[in-house]
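Here are my notes on the model you asked about, written as numbered points. Keep the viewer open and click along as you read.

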Amino acid sequence: MSDKIFDIGIIGYGPVGATLSGLLSSLGLSVVVIEKNKGVSPTARAINTDSEQLRTFNFLNIAAEVIANSRNLKKVHFTDSQFNPYTTIDIPKEDNLGWPPTLLFYQPELETIIRNNNQSYKNLKILENTEAVNIEGTNPIRLDIRNNRKDSTIYCKYLIGCDGANSFVRKYINAKLIDFGFDQDWIVIDAHTTKQIDISKNEAKQICDPNRLKTYVPGRRNHKRFEFKLLRGESKKDFTKKKVWELLSPWINKNNSKIERAVVYKFHACIADKWRDKNIFIAGDAAHQMPPFLGAGMGTGIRDVLNLSWKIYLAIKGKAEENILDTYQQERAPHANWTIQQAKTIGEMMEQYSYREKGENYVPSNKGYGEVFPHLSKGYYGDPSDGLIATPFCRFDLDLSGKDSDEYFGWNFGLISKKKLTNEIDLILKKMNIKVLSVNDKNINLKNYFEDANYLLIRPDKYLFSRSKTNSELKEALSELEKQFSLIT
Ligand SMILES: Cc1cc2nc3c(=O)[nH]c(=O)nc-3n(C[C@H](O)[C@H](O)[C@H](O)COP(=O)(O)OP(=O)(O)OC[C@H]3O[C@@H](n4cnc5c(N)ncnc54)[C@H](O)[C@@H]3O)c2cc1C
């Protein structure tokens, strides 16, 4: 291999590594990806995505294609053993990001969409059938790789391990997994209907049957996902073909459906205590794992890589000090931690609901689904108790250009302003390369944001950094922005 030093090395071309490689390549960085397998993994593990991920996919111009190949979920029910709902969560068609908050996809297809788009980046090199076997040094990082028993070496300035649950990079940086004490065996069955049948198409069910917890999710087109908890003493070998069809009998049968796979998984919950060592990072399942009840494992990884992309870009381009990279784990780990807890809570709610048929009166304190993700615990200025600061900023259509606000700001820091700016602020904004959008009072999407404020600062990942009323308050927010992200202006 040549002595070229890539800006970025990524180990693992699963959904998280593929998204990251697209994001960084779209920013113009030179990227090399090392993946030990060839082609998209055929297993449809993740099935659910959300509006924040669609916003990320929109950075790659593939959100519309993802939506066109997905199904909108309208409701989730927690039910008794006979499918009578204990509680139902209605899912709106769109949230304030302008995307569906829950969308059901087929993972091999989603990964194909991401990979096909990645082919358009000339600065992205994908090495499949190639395993990363050794990491050395820091500046540059030396990566020893093996392809078909032939060893070679590549070099990169930054390395990101998107190498899944058994991450080799996580072990290399000596990160330990913090265990949440949740381990359950479930059999996951992917099936495809071959005929039109009467089966719920836009509603998922968490069936809290005291004899066995079950999940039904209608996938995109004819894909259907079923999950069944293993009972005490049961193991993989108990799930013969006959047994699997028996479990599926309330929904589908051999005459109207085909089984793609039935696999026993250990649902597990853990998070790494360290996500970075100098210029080496971990993201996705390498950094955290959770049971799939919330459908947020991959989503948490996609949030990681959006957070990391613009920070690495600024550091490489000399627009921010290396310290900006400390904010990656500081911002992402507490958020991921909440998500793992919430996924675990849903599993516990199913268990608790199941006791109702045994006469217990369980009343949950948590909705399970539709709970609002927490605001960032760092990386903002002002009071986040307004429910706006440190959360994803909305997306809205621009008045004249036909573009929307996400397209307008792209990867830039942004200022949305309702009032005139002083010359002094104007100069600071130019120096800091902040893109300005002037809006009027009538924009309905911005009503809450402009309550007692005239200026909104957003980050490149479209999280709201601050709301300010006066020019002098804005000046303070700008200086805080510079400080918190170690910007070089
Ligand atoms: C049953 C089930 C249902 C799920 N449902 C959802 C859901 O609805 N929504 C959701 O968001 N998430 C869901 N998840 C979680 C989701 O599938 C994972 O979080 C996601 O696939 C992780 O992606 P990743 O890219 O981080 O890791 P992976 O997909 O594991 O990819 C890691 C890649 O790294 C490669 N690799 C590893 N080591 C090396 C090496 N040394 N050299 C080269 N390559 C290497 C591997 O070959 C692999 O391709 C579910 C999971 C399961 C099991």
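## Notes on the ligand site, the sheets and a few odd spots

1. Let's begin at the ligand, with one of its contacts to the backbone. A nitrogen atom of the ligand has a backbone N or O atom of G297 at 3.2 Å. Keep in mind as you go that this is a predicted model, so treat each number here as a value computed from a prediction.

2. Two more backbone contacts are worth finding, and both involve oxygen on the ligand side. For G299, a backbone N or O atom sits 3.0 Å from a ligand oxygen. For V16, the distance between a polar backbone atom and an oxygen atom of the ligand is 3.1 Å. How much of the ligand does the protein bury? On its own the ligand would expose 1000 Å², and the protein buries 90% of that.

3. Which elements give two or more residues to the shell around the ligand? They are α1 (15-26), β9 (130-136) and α7 (297-316). In total, 31 residues surround the ligand, and the closest are E35, R45, I47, D285 and M298. Sorted by class, the shell has 13 nonpolar, eleven polar and seven charged residues.

4. Now look for the sheet of eight strands. This sheet is open, its pairing is mixed, and its order reads β6-β5-β13-β14-β15-β12-β16-β19. Which strands are at the edges? They are β6 (85-90) and β19 (288-289), and each of these pairs on one side only.

5. Try tracing one pair inside that sheet. Strand β14, residues 212-218, runs antiparallel to strand β15, residues 223-229, and five bridges link the two. To get your bearings, find P218, which stands opposite K224 in β15. As you step along, remember that side chains in a regular strand alternate between the two faces of the sheet.

6. The β5 and β6 hairpin is another good one to trace. Strand β5 (residues 75-79) pairs with β6 in the antiparallel sense, again over five bridges. Here F78 has T87 of β6 as its bridge partner. Between the two strands of the hairpin there are five residues, and F83 takes a positive phi near 70°.

7. There is also a sheet of three strands. Its order is β3-β7-β4, the sheet is open, and the pairing is antiparallel. The edges belong to β3 (48-49) and β4 (71-72), each pairing on one side only. Between β3 and strand β7 (residues 103-104) there are two bridges, in the antiparallel sense. Which residue stands opposite N48? That would be L104 in β7.

8. Zoom out for the domains. The assignment divides the protein chain into domain 1 (5-72 + 100-178 + 271-346) and domain 2 (384-484), so don't be surprised that domain 1 is written as several segments. Measuring over C-alpha atoms is how the centres are placed, and they are 28 Å apart. At the contact, domain 1 puts in 15 residues and domain 2 puts in 14 residues.

9. Finally, check some backbone details in the loops. The peptide bond joining N139 and P140 is cis, with omega about 0°, and P140 is in the loop between β9 and β10 (141-147). N174, in the loop between α5 (168-172) and β12 (177-193), has a positive phi near 65° although this residue is not a glycine. D452 also has a positive phi, near 60°, and is likewise a residue other than glycine; look for D452 in the loop between β21 (435-438) and β22 (455-458).

Terms used:
Residues numbered from 1 in each chain as written. Predicted model: local features only at pLDDT ≥ 70, side-chain atom pairs only at ≥ 80, totals over all residues. Heavy atoms only, no water. Near = heavy atom within 4 Å. Polar contact = N/O pair within 3.5 Å; in protein donor to acceptor, adjacent residues only side chain to side chain. Areas by Shrake-Rupley, 256 points an atom, 1.4 Å probe, with all protein chains shown as cover. Helix = DSSP H or I, 4+ residues; strand = E, 2+ residues; numbered from the N terminus. Nonpolar A, V, L, I, M, F, W, Y, C, P; charged D, E, K, R; others polar. Pairing = 2+ DSSP bridges. Domains from an automatic or database assignment. Contact = heavy atoms within 4.5 Å.
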